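Q: Could you take me through the ligand site in close detail? I'd like to know what surrounds the ligand and which contacts it makes.

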Amino acid sequence: MLKVVVLVSGGGTNLKALMDAIDDGSVKNARIVKVISNNPNAYALERAKDRGIETRVISPKDFESRGEFNNALLNELKDIAPDLIVLAGFMVVIPKEIVREFPMKIINIHPSLIPSFCGKGYYGLKVHEAALERGVKVTGATVHYVDEGTDTGPIILQKAVEVRAGDTPQVLQRRVMEEAEWKILPLAVNMIAGGEL
Ligand code: GRF
């Protein structure tokens, strides 16, 4: 059974998609043992609690320096000793120490087709604003392993999504989530749990 930790910061719709897929059996052989948030107000925490999943808040505001926060996060993860760490809308850059402790054990969902609209500064709505500004006709989402760069790790899965005339960043974000993110994130976890990767 794959021991999974999910790191979140916000609404947690990707977390929901993963929990739903585990509950309905489309993701097999995986169990979410804990959900960790840097943001105490993340709705994702409520979603986890509703399913009886343990939660923990580790906020940078509770530490004197970034280094101390990074250490607290690293120590918490070491204690749990997960097989897989899923970044599901985690708005914190994962420090090198954590990447080195868990090589090829951290995956992230990014709301574009990497290598487009990724890297420093491309997060949340900014990704979709940039895609609309550039005028691409197809965008999508990517699940990738996390390495020491920003959105540079090996790609696991991608799914394309059509951009339509009149799309706003919000409308496009929602379509990318519904048609791509909520599908490929559980799929990637299932592949890892099934030993396909
Ligand atoms: C998603 O768009 C994801 O791709 C990005 O952050 C957003 C998280 O949304 N990394 P949610 O918290 O899963 O609803």
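A: The ligand sits in the largest pocket. Here a pocket is an open set of points on a 1 Å grid over the protein atoms alone, with protein on both sides within 12 Å along at least five of seven lines, and "sits in" means that more than half of the ligand's atoms lie within 2 Å of its grid points. Bear in mind that this is a predicted model: local features need pLDDT of at least 70, side-chain atom pairs count only at pLDDT 80 or more, and totals for chains, interfaces and linings use all residues. Numbering runs from 1 along each chain as its sequence is written, and side-chain values use heavy atoms, with hydrogens and water left out.

Around the ligand you'll find Gly10, Gly11, Gly12, Thr13, Asn14, Gly89, Met91, Ile109, Pro111, Met177 and Glu181, counting residues with a heavy atom within 4 Å. By class that shell has four nonpolar, six polar and one charged residues, with Gly put among the polar ones. Both α1 (13–23) and α6 (169–193) supply at least two shell residues each; helices are DSSP runs of H or I, at least four residues, numbered from the N terminus.

Now the polar contacts, meaning N or O pairs within 3.5 Å. The side chain of Thr13 puts an N or O atom 2.6 Å from a ligand oxygen, while a backbone N or O atom of Gly11 is 3.4 Å from an oxygen of the ligand. A ligand nitrogen lies 3.2 Å from a polar backbone atom of Ile109. On its own the ligand has 370 Å² of accessible area, and the protein covers 89% of that (Shrake-Rupley, 1.4 Å probe).

Technical notes: A polar contact is a pair of N or O atoms within 3.5 Å; within protein, one must be able to donate a hydrogen and the other to accept it, and residues adjacent in sequence count only if both atoms are side-chain atoms. On a 1 Å grid over the protein atoms alone, a cavity is a set of points where a 1.4 Å probe fits but cannot get out, and a pocket is an open set with protein on both sides within 12 Å along at least five of seven lines; lining residues have an atom within 4 Å of a point.
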